[in-house]
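The following exercises concern a predicted model. Each task is followed by a solution in steps.

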Amino acid sequence: MPRAVSLDQVSKSYTQGVRVVQRLSLDIEPGEFLVLLGPSGCGKSTVLRMIAGLEEPTEGEVRLDGEYANHLAPAERDMAMVFQNYALYPTMNSRANIGFPLRIEDPGRDPGPRVQATARMLGIEDLLDRFPHQLSGGERQRVAMGRAIARHPSAFLMDEPLANLDAKLRSHLRAEIARLTRDLDVTTLYVTHDQAEAMSLGDRVAVLRGGVLQQVDTPRTVYALPENVFVAAFIGTPRINLLRGVVLAPLDGAMSIGLGRQALVLPEPLSPDHRLLRVQQGREVIVGLRSEAVRLARPTRARPGEVAMSGLVEHVEFQGHEVLVHLDTGSQPALVPDLEAPRPVSRPGGRRRREGGVLDRLRGRAAGALRAGPVVVLEHPGDAGPARPAEPLSGEARLPGDLIVRTTPDHALRPGMQVPLLVDLAHLFVFDHDGIRISPTPTHLPDLQS
Ligand SMILES: Nc1ncnc2c1ncn2[C@@H]1O[C@H](COP(=O)(O)OP(=O)(O)OP(=O)(O)O)[C@@H](O)[C@H]1O
C-alpha cells in the first residue's frame with residue numbers, strides 16, 4: 001500500500017538558533033509523486049532525511065499514514081532511499097546489491113526470484129553479475145533503483161538521483177522513474193534543484209527557499225500562477241523577465257505601468273485583475289513577463305490584449321530552433337537576490353546579516369505577509385551600496401539587456417537594431433514590492449493572524 005506522508009509545522013536546527021527548515025507543513029498523498037525543488041542549501045535533503053528517519057525534527061511532527069512517526073527508526077518506516085552517489089556496495093555484484101535489503105529483511109528467504117523480477121523490470125538482467133566498477137553511471141543508478149524497488153517499499157525517497165548523469169541519460173532515466181513509480185503505485189518524494197526535472201516528473205512541486213515553503217501545487221499552476229517572484233524566477237527557462245515598474249492610475253486617464261522610458265498601457269475596459277491594480281497607484285511593483293508574453297512584431301500586427309513597446313537589440317543568442325534576443329527597453333531589471341545563495345535563514349542572536357538597507361527593511365515588512373514568509377526582491381542598487389548582480393540560476397548567467405524575447409531564427413537581428421515588440425497582457429504578472437503576486441489575483445491572501 002502506498003503511504004501518506006505528512007509534515008506538520010516541522011523545523012530543523014543543526015546549530016542552535018539556525019533553522020534550516022522552518023515550520024514546514026506538507027501532505028503527500030498515497031501514490032503521489034511530489035518533487036521538492038529549491039536552490040542548493042535550502043533544506044531539501046534535510047526534509048527528506050527527516051522523513052526517512054535519518055534526522056529528527058527539532059520541532060513539529062512527521063506522520064506516516066496519519067500516525068505520529070518522529071520516533072520511528074528508518075528500518076521501521078518501510079521506505080527506500082535512492083541517492084545521487086548510488087551508494088552501492090563496491091565488493092558486491094549487482095545481484096547481491098539488489099538482493100541485500102531482501103536478505104536483511106528476511107534472511108531465510110531466497111532473494112533470487114525478486115532480484116530477477118526487479119532486474120527484468122529495469123532492463124538490467126545482463127548486468128547482474130557485474131560489480132559497480134564495471135558499470136557506467138546510468139547503469140549504477142539503475143542497480144541502485146533496483147535495490148530500492150526490490151523490497152516493494154511503501155514510499156521512495158530520492159535525493160537528486162540523476163544529478164551525476166549526462167543530460168541525455170538523465171532525460172531517459174527521468175522517463176523511466178516516472179513509469180516505474182506509476183506502475184508500482186508508490187508514494188515518491190523526489191529532491192532536485194533542477195526545475196525542468198521537477199516540472200516533468202512531479203504530480204505536484206513544492207518550492208523551498210531558505211527552509212521555507214514558498215508554494216506547493218501542480219507544475220502547471222506553479223508556472224502559470226507563481227505565488228511570489230522567487231517561484232516565478234526559479235521556474236521556467238529562459239528565466240522570467242522581471243522589470244521594475246510603477247503603477248500609474250490617473251483618475252481621468254488610461255491606467256498604465258511605467259517601465260522606465262516606456263509604459264504598458266492597460267487596455268480599456270480593464271480586466272478584473274487590472275482593475276484591482278488601481279489601489280497600487282504610484283507604487284513601485286515588479287512586472288513579470290515570461291518570454292512567451294512578448295513577441296517581435298509591429299504595432300499594426302497587435303492582437304486584442306497586446307500592447308506595443310520597442311527595444312534595442314543588445315545580444316542575440318542562437319539556439320538552433322529558436323533565438324533568444326536580449327533587448328534594452330529602457331527599464332530596470334528587478335533583481336532577485338539570494339535566488340541561488342545557500343545561507344542560513346536566521347542567525348544566533350536573532351538578526352540576519354545586513355545585506356542592504358532597503359532590502360532589510362522590505363524583508364522585515366514582508367515578514368508574515370505570506371504563509372511562506374518573507375520574499376523580498378526589489379533591490380535598489382543605489383540605496384544598497386554597491387550594486388550586486390542577481391545570482392545566476394542553474395548556471396544561467398543574465399546577459400545584457402533587461403528583456404529576453406524568444407523568436408524564430410529567420411529574423412535577421414543584429415546588436416544595435418531597434419525592434420518593435422508586442423506584449424500580451426494576458427501573460428502579465430505583477431508582484432508588489434515585497435515580491436508577492438498581486439496580478440493575476442493571488443490565490444492565497446496574506447494571513448493577517450500570523
Ligand atoms: N549535519 C549537518 N550539520 C550542520 N548543518 C547542516 C547539516 N546538514 C545540512 N546542514 C546545513 O543545512 C542547510 C540545508 O542543507 P540541505 O543539505 O538540506 O540542503 P539542500 O537543499 O539539500 O542542498 P543541496 O541541493 O546542495 O544538497 C545547509 O545550510 C547545510 O549546510
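**Exercise 1.** Determine how many of the 14 residues of helix α4 are buried, and identify the elements against which they pack.

*Solution.* Apply the burial criterion first: a residue is buried if 20 or more other C-beta atoms lie within 10 Å of its own. By this test α4 is mostly covered, with 11 of its 14 residues buried. Arg 140, Arg 142 and Arg 147 are among the buried residues, as are Val 143, Met 145 and Ile 149. Next, trace the contacts: the buried residues of α4 pack against β6 (79-82), α2, α3, β7 (155-159) and α5 (167-184). Then check the length of the helix. From its first C-alpha to its last, α4 reaches 20 Å, close to the 20 Å expected at 1.5 Å a residue. Finally, look past the helix: α4 is followed by His 152, which has a positive phi near 55 degrees.

**Exercise 2.** Establish which residues of helix α3 (residues 112-122) are buried, and explain why they lie on the same side of α3.

*Solution.* List the buried positions: Val 115, Thr 118 and Ala 119. These residues are on the same side of α3 because they cover an arc of only 100 degrees around the axis. The spacing follows a general rule: an α-helix has 3.6 residues a turn, so residues three or four places apart point the same way. Now turn to the other side of α3, where Pro 113, Ala 117 and Arg 120 are exposed. The partners of the buried residues are α2 (94-105) and α4 (137-150). After α3 comes Gly 123, with a positive phi near 70 degrees.

**Exercise 3.** Describe how strand β17 (residues 323-328) pairs with β16 and with β19.

*Solution.* Begin with strand β16 (residues 306-318), which runs antiparallel to β17 and is joined to it by six bridges. One bridge partner pair is Glu 317 and Leu 324, the latter in β17. The two strands form a hairpin with four residues between them, and Gly 320 in the turn has a positive phi of about 90 degrees. Continue to strand β19 (residues 403-407), which pairs with β17 in the antiparallel sense over five bridges. There, Leu 403 of β19 stands opposite Leu 327.

**Exercise 4.** Characterise the residues that surround the ligand.

*Solution.* Count the shell: 12 residues surround the ligand, and the closest are Tyr 14, Val 20, Ser 40, Ser 45 and Thr 46. Sort the shell by character, which gives four nonpolar, seven polar and one charged. Last, assign the main contributor: helix α1 (residues 44-52) gives the most, with three residues.

Notes
Residues are numbered from 1 along each chain as its sequence is written. This is a predicted model: local features need pLDDT of at least 70, side-chain atom pairs count only at pLDDT 80 or more; totals for chains, interfaces and linings use all residues. A residue is buried if 20 or more other C-beta atoms lie within 10 Å of its own, exposed if 12 or fewer, and partly exposed in between; C-beta atoms are placed from the backbone. The arc is that of the directions from the helix axis to the C-beta atoms. Two residues are in contact if their C-beta atoms, placed from the backbone, lie within 7 Å. Two strands pair if DSSP finds at least two bridges between them. A residue is near a molecule or strand if its C-beta atom, placed from the backbone, lies within 6 Å of it. Ala, Val, Leu, Ile, Met, Phe, Trp, Tyr, Cys and Pro count as nonpolar, Asp, Glu, Lys and Arg as charged, and the others, Gly among them, as polar. The expected span of a helix is 1.5 Å times one less than its number of residues.
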